[in-house]
Amino acid sequence: MARPQEFNTAEALHKAMEVFWHKGYEATSLSDLLEATGLSKSSLYSTFGGKHALFLAAFDAYRRQRATDMQRVLAQEPARPAIEAFFHLLLGDVDAPAPALGCMSINQAIEMAPHDPEIRERVLTDFRRIEEALLRIIQRGQHKGSLTSTRSPRELANLLALAYPGLQVMARAGYTRSDLDDRVRQLLTNLD
């Protein structure tokens, strides 16, 4: 008879995600994961299948939550303030006492995507998801009149999607909230 599981899988996954997000995949050791999750080595392997599989599960949990947050913010009306709120959401931890961790997808675009096809596909999916969500809200905003730019919605969505990782990297590098807010304001003038 199998022994009953004595830990919360979702909680362990969240704790592992925090370690990977803070340290990156390569710098995270098995010891780091065992300490953070409180799992034994055998529990980690039997539940998640190893470090890489645990990372994929944690990264996917992160991606699902970020997609939900993005959809919630971009569903607001009117479109212009919703887009502004979306960009401010991504800068949410800039003022935190600890250094900004940035977007885990952006971090992995740099760390693992160049040599890990599974991560590369997830990162590309995230970028496409952001671009398509921005495209839909720009189309809606132009149709309803809250966005006055006559530029192509696809062109505007491409521009905003391109700025997204740049702002994340600037936040990670230590730009102040004021500097980043100025960049967002300048970026969004393209919608007017």
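What share of the 192 residues of the chain counts as buried? In this predicted model, the answer is 40%. The secondary structure of the chain consists of nine helices and zero strands, and its order along the sequence is accordingly written α-α-α-α-α-α-α-α-α. The C-alpha trace spans about 65 × 35 × 30 Å along its principal axes. Among contacts with a separation of 6 or more, 67% are made by residues 24 or more positions apart.

Helix 7 was examined in detail. This helix comprises residues 117–144; its 28 residues reach 40 Å from the first C-alpha to the last, close to the 40 Å expected at 1.5 Å a residue. At the start of helix 7, a side-chain oxygen of Asp-116 comes to within 3.0 Å of the backbone nitrogen of Glu-118. Just after the helix, Gly-145 adopts a positive phi of about 90°. The buried residues of helix 7 include the nonpolar side chains Ile-119, Val-123, Ile-130, Leu-134 and Ile-138, and the charged residues Arg-122 and Asp-126 are also on the buried list. Helix 4, helix 5, helix 6 and helix 8 are the elements against which these buried residues pack.

Two residues outside helix 7 illustrate this packing. Arg-63 is located in helix 4 and counts as buried because its relative accessibility, 12%, falls under the 20% cut-off. Apart from neighbours within four places in sequence, Arg-63 is in contact with Ser-105, Arg-122, Thr-125, Asp-126 and Arg-129. Of these partners, Arg-122 and Asp-126 are among the buried residues of helix 7. Gln-108 belongs to helix 6, which runs over residues 104–111. With a relative accessible area of 2%, Gln-108 is likewise under 20% and is therefore classed as buried. When neighbours within four places in sequence are set aside, the contacts of Gln-108 are Tyr-25, Phe-55, Phe-59, Ala-113, Ile-119 and Val-123. Ile-119 and Val-123 are themselves buried residues of helix 7.

The largest pocket has a volume of about 240 Å³. Its lining is made up of 15 residues, with Arg-66, Ala-67, Met-70, Ile-130 and Tyr-164 lying nearest the centre. Helix 4 (51–74), helix 5 (79–90) and helix 7 (117–144) each give two or more residues to this lining. The largest share, six residues, is provided by helix 4. By class, nine of the lining residues are nonpolar, one is polar and five are charged. Ile-130, one of the residues nearest the pocket centre, also appears among the buried residues of helix 7.

Two loops flanking these helices were also considered. Pro-78 lies in the loop between helix 4 and helix 5, and the peptide bond joining Glu-77 and Pro-78 is cis, with omega of about -10°. Ser-152 is placed in the loop between helix 7 and helix 8. Its relative accessibility of 32% lies between the limits of 20% and 50%, so Ser-152 counts as partly exposed. Ser-152 is separated from Gly-92 by 60 residues in sequence and by 29 Å in space, C-alpha to C-alpha.

Conventions:
Residues numbered from 1 in each chain as written. Predicted model: local features only at pLDDT ≥ 70, side-chain atom pairs only at ≥ 80, totals over all residues. Heavy atoms only, no water. Helix = DSSP H or I, 4+ residues; strand = E, 2+ residues; numbered from the N terminus. Buried < 20%, exposed > 50% of the residue type's maximum accessible area, 1.4 Å probe, protein only. Contact = heavy atoms within 4.5 Å. 1 Å grid on protein atoms, 1.4 Å probe; cavity = no way out; pocket = protein on both sides within 12 Å on 5 of 7 lines; lining within 4 Å. Points joined across faces, edges and corners; volume = space filled by probe spheres on them. Expected span 1.5 Å × (residues − 1). Polar contact = N/O pair within 3.5 Å; in protein donor to acceptor, adjacent residues only side chain to side chain.
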